[in-house]
Amino acid sequence: ENLLVLTVATKQTEGFQRFRRSAQFFNYKVQVLGLDEEWQGGDDQQPAGGGQKVRLLKSALKQHGDKEDLIILFVESYDVLFASGPTELLKKFRQAKSKVVFSAENYIYPDRKLEAKYPQVRDGKRFLGSGGFIGYAPNLKKLVEEWKGEDDDSDQLFYTRIFLDPEKRESINISLDHRSRIFQNLNGALDEIVLKFENARVRARNLLYDTLPVVIHGNGPTKLQLNYLGNYIPQVWTFETGCTVCDEGLRSLSGFKDEALPMILIGIFIEQPTPFLSQFFLRLRNLRYPKQRIQLFIHNHEEHHLMEVDSFVEEHGTEYLAVKVIGPDDEVENAEARSLGMDLCRKDPDCDYYFSLDAEVVLKNKETLRILIEQNKLVIAPLVSRHEKLWSNFWGALSPDGYYARSEDYVDIVQRRRVGLWNVPYISSVYMVKGKALRSELEQGDLFHSGKLDADMALCHNIRSQ
């Protein structure tokens, strides 16, 4: 009863929905600050920022700040997960014997010059992290009462200076969670964390301190690792239950008349000589979805396949709502062609879904389009793999330079030993994107170029950063 979670979210992103789901799972009472307000607190690209969070917290504490026995947990939301419930959180907070406990990390930020002022610690992390802290309401009110900064000033620097002032530290009674008993910041700590499966629950275990943190924070450049942990924690997928979220937020298509079904634009890409292309077109025609709700965009890069493409369009083109073909003579390269296909959907307000399909993909399930639409995700790919090989159309992780890295669960997922819905950093060959996402979050025209990355890596990089 006497615990309140405060967080800041100006938009209800997918990250925010994941945070809220984990909070609801453990029955946390959450109050969201700043919803639908313009975010002025800077972005990931600039080093400091976040002052808007302090301003919103300060104003919320006008309402709560005088309640002596109220304990408030303040956390980020887009990149935070709960791994355990209020009972454990409060127990660990009380054991810390301070009135305010901040998360701790290995890196000092944003001002390295302050390092010498930090108290030495025998064991654990030395530096304050502002992404999570917990304390009694009156003490938190005292913590933020001096804030007079701008929205894009650094919240981290503000809290750091208070902590480094021995007088203020003592009068507010602040300590750091050195051993990650409550807060796990992932930045600089990825080697410390493993997944611990037990009794149909999943925890992140800190091997370095042998602790089970309650709040997991993917701060700095660790969002992908948080996505990976979020595939399991708190009970998203376990060995006992399998996937527990696969039926959430579905959009059922049963009962829809054909003419009322979502309109799909299928982009077909023949980028190299491909065996059995006539079989590919046969499987395309056999997909169970009304052809009058499908438009086709075909990019054929190969002279060799002109005849097969032409005969398919001649014999069956009229069955579809519309067909557009770009052939080898048009000299359009891979990335540009993919951009054109996506753009056709983006510019057509009636285009509900864009489905990109490479000609070497064999879709054995005739219900593929319906299944993917019913999942109701902004971007989703079916898993395709090579027979008896570990090759597939996804990566479970990225290396630091942005290329392939094998995640711990990759083999189990490819071999279908773990079946579920996986947040992954990279997909290729076949995927579906919501038209409304192309017209909002992904409206920047060309998603297939980024530095020296090839088209599919550039696409995934751009979608992740949006």
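Trainee: Let's start with Arg203: in which strand is Arg203 found?
Mentor: Helices (H or I, at least four residues) and strands (E, at least two) are DSSP runs, numbered from the N terminus. This is a predicted model, where local features need pLDDT of at least 70 and side-chain atom pairs count only at pLDDT 80 or more, while totals for chains, interfaces and linings use all residues. Residues are numbered from 1 along each chain as its sequence is written, and side-chain values use heavy atoms, with hydrogens and water left out. The strand that holds Arg203 covers residues 201-206 and is called E10.

Trainee: Does Arg203 count as buried or exposed?
Mentor: Buried means under 20% relative accessible area, exposed over 50%, and partly exposed in between (1.4 Å probe, protein chains only). Arg203 has a relative accessibility of 10%, so Arg203 counts as buried.

Trainee: What separates the C-alpha atoms of Arg203 and Gly327?
Mentor: Along the chain, these two are 124 residues apart. In space, the distance between the C-alpha atoms of Arg203 and Gly327 is 52 Å.

Trainee: How is the protein chain divided, and how far apart do the domain centres lie?
Mentor: The bounds come from an automatic or database domain assignment. Domain 1 covers 3-243, and domain 2 takes in 258-381 + 428-465. Along the principal axes, the C-alpha atoms of the protein chain fill a box of roughly 80 × 45 × 45 Å. Between the C-alpha centres of domain 1 and domain 2 the separation is 42 Å.

Trainee: Which unit do E1, helix H1 and E2 make?
Mentor: Strand E1 (residues 3-8) and strand E2 (residues 30-33) run parallel and are joined by four bridges; strands pair if DSSP finds at least two bridges between them. Thr7 has Val32 in E2 as its bridge partner. A crossover is right-handed if, with the strands pointing away from the viewer, the path from the first strand over the helix to the second runs clockwise. With H1 at residues 14-25, these elements make a right-handed β-α-β unit.

Trainee: What is the strand order in the open sheet of six strands?
Mentor: Pairing in this sheet is mixed. Its edge strands, each pairing on one side only, are E16 (322-326) and E18 (379-380). E14 and E15 (residues 294-300) run parallel over seven bridges, with Gly267 opposite Phe297 in E15. The full order is E16-E15-E14-E17-E23-E18.

Trainee: In E23, which residue is the bridge partner of Ser356?
Mentor: E17 (residues 353-358) pairs with E23 in the antiparallel sense over five bridges. E18 also runs antiparallel to E23, joined by two bridges, and there Val379 stands opposite Val433. For Ser356, the partner in E23 is Tyr431.

Trainee: How many residues of strand E23 are buried?
Mentor: One side of E23 carries Val430, Met432 and Lys434, while Tyr431 and Val433 lie on the other, and both faces are covered. For the 466 residues of the protein chain, the buried share is 52%. In E23, residues 430-434, the buried count is five of five.

Trainee: How are H8 and H9 oriented to each other?
Mentor: Axes are lines fitted to C-alpha atoms, for helices over the stretch in contact, and angles run from 0 to 180 degrees between N-to-C directions. The axes of H8 and H9 (residues 306-316) come within 10 Å and cross at roughly 30°. Angles under 35 degrees count as roughly parallel, over 145 as roughly antiparallel, 65 to 115 as roughly perpendicular and the rest as oblique. H8 and H9 are therefore roughly parallel.

Trainee: What is the omega of the peptide bond from Tyr109 to Pro110?
Mentor: Most residues other than glycine have a negative phi, and most peptide bonds are trans. Pro110 sits in the loop between E5 (100-105) and E6 (127-136). A cis bond also joins Ile233 and Pro234, with omega about 0°. The bond from Tyr109 to Pro110 is cis, and its omega is near -5°.

Trainee: What is the phi of Phe276?
Mentor: Phe276 lies in the loop between E14 (264-270) and H8 (277-286). Phe276 is exposed at a relative accessible area of 67%. Arg416, also not a glycine, has a positive phi of about 65° and is partly exposed at 45%. Phe276 has a positive phi, near 60°.
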